[in-house]
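Visitor: I would like to learn how to read a model of this kind, one feature at a time. Could we take the general idea first and then the case at hand?

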Amino acid sequence: MKTTLPVSKSWPAPAKLNLFLHITGQREDGYHELQTLFQFIDHCDYLDFHITETPEIRLHSTMSDSVPDSDNLILKAAKSLKDYSGYHGGADIWLDKLLPMGGGLGGGSSDAATTLVALNALWNTRLPNDKLAELGLALGADVPVFINGLAAFAEGVGEKLQSVTPPELWYLVITPDTHVCTRSIFQHSDLPRCTPKLHLDTLMSNKWTNDCQNLVIKEHPQVANALSWLVEYAPSRMTGTGACVFGEFKHSQQALDVLAQLPADMKGFVAKGLNTSPLLARLSKLD
Ligand SMILES: C[C@@](CO)(OP(=O)(O)O)[C@H](O)COP(=O)(O)OP(=O)(O)OC[C@H]1O[C@@H](n2ccc(N)nc2=O)[C@H](O)[C@@H]1O
Ligand SMILES: Nc1ncnc2c1ncn2[C@@H]1O[C@H](COP(=O)(O)OP(=O)(O)O)[C@@H](O)[C@H]1O
């Protein structure tokens, strides 16, 4: 008699912030060399997995309206693990999409990382993290840090990682209602491309800035408005290539008080910085 495996529930895919983002050069293939500081926040998408004997991999989510399944990083991640490992079976995957898309919070990359980590455990394919990160990097530059699950100083295009422990502050994140195209920011002639490289030892004492911010502000008034409002209350800047911006607070109540004053035409949320991804805790209580 065949037994049906239970659904393995609530695998978190946390968002990230780029606490700073410097562009230090450009490679011959056109990609930009970065230095950035990744920290997770306790705002997550959640995924459920049901392992099947049959080889199909299916995604169940409300996202299919906005991103076709063939482009979804979750399915791409699952297929890449199946192809690489030769695993015979498949999976049904449910996504509870809570993170705003395309705002520099890395939700798509995080969904892909959680899929690789969860299926590697549930399919018992036992790839080491380095290999999972390599498969992940082919899907997006931010996937490896989510697989590693530790806050990191990143170099290269974001794949050379060194674990660090910046303060786990509280953040008020504003999510402007505009889409910033990562490609067009990186192609723009006004983008600064030669910020001097920082050494790991001087990270914490350096002023944290985002090299894409001035350009995005010029082209997206919603981002400019959000930042000029937030900066009155706290040190604030943009994450990734935007459009989300965040202000830093020592205590949750301070961030919540400012959130309560958010103008009616802006949206946001309060989150805590985490140097360890909740994905690691979920992996350790595998069921
Ligand atoms: C810069 C970061 C920082 O976290 O921005 P966010 O995506 O989070 O906002 C990421 O590393 C983004 O990585 P990723 O999300 O994989 O980038 P993609 O969307 O694939 O990049 C779109 C395009 O931007 C350009 N690009 C991207 C990354 C990079 N280091 N150099 C580049 O020149 C390339 O032309 C690429 O085709
Ligand atoms: N599972 C997914 N979740 C979010 N976005 C996805 C996913 N799969 C593919 N994408 C595509 O990736 C793009 C970038 O998504 P996201 O990671 O949320 O933003 P960012 O790269 O700005 O941090 C989206 O606009 C969408 O087209």
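Visitor: How far apart do the C-alpha centres of domain 1 and domain 2 lie?

Guide: Please keep in mind that this is a predicted model. The protein is divided into domain 1, residues 8-164, and domain 2, residues 170-274, and the C-alpha centres of the two lie 22 Å apart.

Visitor: How should I read the place where the two domains touch, and how many residues of each are in contact?

Guide: The size of an interface is often given as the accessible area lost when the parts come together. Here we can go by residue contacts instead: 28 residues of domain 1 are in contact with 31 residues of domain 2. On the side of domain 1 that touches domain 2, strands β1 (8-26) and β2 each supply at least two residues, and the largest share, eleven residues, comes from β1. Sorted by class, that side of domain 1 has 13 nonpolar residues, 14 polar ones and one charged residue.

Visitor: Which residues come nearest to ligand 1, and which domains does its shell draw on?

Guide: A shell can be read by its members, by the elements that supply them and by their chemical class. Of the 18 residues around ligand 1, those that come nearest are H32, G104, G140, F186 and G240. Two or more residues of this shell are given by each of β2 (32-52) and α5 (182-187), while domain 1 and domain 2 each contribute at least three residues. By class, the shell holds five nonpolar, eleven polar and two charged residues.

Visitor: Which residues does UniProt list as "active site"?

Guide: With an annotation, one first asks where it comes from and then how its positions lie in space. An unreviewed UniProt entry lists K16 and D142 under that name; although these are spread over 127 residues of sequence, they cluster in space, with a largest C-alpha distance of 9.3 Å.

Visitor: Where is K16 placed, and why does K16 count as buried or exposed?

Guide: K16 sits in strand β1, and K16 counts as buried because 27 C-beta neighbours lie inside 10 Å, where 20 or more are required. Beyond its neighbours within four places in sequence, K16 is in contact with F38, Q39, F40, L105, G106, D142 and V145.

Visitor: What does D142 touch, leaving out residues up to four places away in sequence?

Guide: D142 touches K16, G106, S109 and G158. D142 is found in the loop between α3 (129-137) and α4 (143-148), and D142 counts as buried because it has 27 C-beta neighbours inside 10 Å.

Note on methods: Residues numbered from 1 in each chain as written. Chains lettered and ligands numbered in written order. Predicted model: local features only at pLDDT ≥ 70, side-chain atom pairs only at ≥ 80, totals over all residues. Near = placed C-beta within 6 Å. Helix = DSSP H or I, 4+ residues; strand = E, 2+ residues; numbered from the N terminus. Nonpolar A, V, L, I, M, F, W, Y, C, P; charged D, E, K, R; others polar. Domains from an automatic or database assignment. Contact = placed C-beta atoms within 7 Å. UniProt positions renumbered as here; feature names shortened; annotations may be inferred. Buried ≥ 20, exposed ≤ 12 C-beta atoms within 10 Å, placed from the backbone.
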